[in-house]
Amino acid sequence: CSSDLYNKALAIASPLASANPDDLKIRHTVAEAHLRIASLLPFSGRTAEGLQHVEETVKIYQDMMRADPDNPDLRLDISNAYETQGDILGGMQSVSLGRIDDAATAYEESLKVLPELPQSHQLASRVARGRAVLTTKLADLQRQRSPEDALQRYHEAIGMAEELSCSNPNDQKARGLIATLLNKIAYTQQ
């Protein structure tokens with residue numbers, strides 16, 4: 001089972017990270033193991049335990065960011081951790097903890113930490129896709145309470161995805177996101 005391997009990696013890497021707190025690579029390995037475990041646990045009915053693992057991931061990345069706040073890779077990593085936290089709190093409908101407001105806060109934090117990069121940067125499309133996906137997840141949370149606000153966010157996200165697709169016509173993920181958003185808009189307008 002994958003979670004067993006991640007737990008073994010965590011058991012090996014955690015003491016190394018404690019003994020070598022300046023070793024960012026090993027700390028990143030610990031954070032990633034926690035994040036992978038956090039992503040798996042909700043699907044085996046252990047959502048609260050998954051939340052503990054993602055909170056540990058966030059804590060590790062926050063600490064690492066204090067040392068290197070402008071590192072775009074690290075900012076993407078912590079954004080991913082906040083997104084996973086949002087999914088566990090209230091985003092993944094059937095396996096989440098149902099804490100919609102807390103999920104929205106995590107998604108907003110995920111958006112906030114995404115780096116601002118020039119379009120020529122190698123990570124620019126990943127950041128743009130992240131913004132579109134997070135905006136979509138926020139709209140999904142709003143759909144029950146305020147369909148009008150959700151529609152506004154979906155349109156914002158589709159604009160981001162279309163811009164991404166125009167800048168790289170071969171980006172299949174951007175086109176897939178556009179199709180998903182069109183479906184969400186149609187569903188919300190019903």
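## A salt bridge within helix 2

Let's start with Glu 32 and Arg 36, which both sit in helix 2 (residues 24–40), four residues apart, or about one turn of the helix. This is a predicted model, and in it Glu 32 forms a salt bridge with Arg 36, with 3.3 Å between the closest N and O atoms.

How buried or exposed are the two partners? Glu 32 counts as buried because its relative accessibility is 17%, under the 20% cut-off. Arg 36, with a relative accessible area of 39%, is partly exposed.

## Helix 6: length and surroundings

Next comes helix 6, which covers residues 124–142. Its 19 residues, at 1.5 Å a residue, should span 27 Å, and the C-alpha atoms at its ends are 27 Å apart, so the expected and modelled values agree.

Many side chains along this helix deserve a look in your viewer. The buried residues of helix 6 include Ala 124, Val 127, Ala 132, Leu 134, Leu 138 and Leu 141. Charged residues appear in that buried set too, among them Arg 129, Lys 137 and Asp 140. What covers them? The cover over the buried residues of helix 6 includes helix 4 (72–91), helix 5 (100–113), helix 7 (147–167) and helix 8 (172–189).

## Two salt bridges from helix 6

Two of the buried charged residues in helix 6, Arg 129 and Asp 140, have salt-bridge partners elsewhere in the chain. The side chain of Arg 129 meets that of Asp 171 in a salt bridge, at 2.9 Å from N to O. Arg 129 belongs to helix 6 while Asp 171 is in the loop between helix 7 and helix 8, so this pair ties together parts 42 residues apart in sequence. Both ends are buried: Arg 129 has a relative accessible area of 18%, and Asp 171 has one of 8%.

Asp 140 pairs with Lys 184 in a salt bridge, with an N to O distance of 3.1 Å. Here Asp 140 is in helix 6 and Lys 184 is in helix 8, so the link joins parts that are 44 residues apart in sequence. Asp 140 counts as buried at 19% relative accessibility, and Lys 184 likewise counts as buried at 19%.

## Salt bridges across the whole structure

How many salt bridges does a search of the whole structure find? It finds 14. Besides the pairs described above, there is a network of salt bridges that links Arg 27, Asp 63 and Arg 66.

Key: Residues numbered from 1 in each chain as written. Predicted model: local features only at pLDDT ≥ 70, side-chain atom pairs only at ≥ 80, totals over all residues. Heavy atoms only, no water. Expected span 1.5 Å × (residues − 1). Buried < 20%, exposed > 50% of the residue type's maximum accessible area, 1.4 Å probe, protein only. Contact = heavy atoms within 4.5 Å. Salt bridge = Lys/Arg side-chain N within 4 Å of Asp/Glu carboxyl O.
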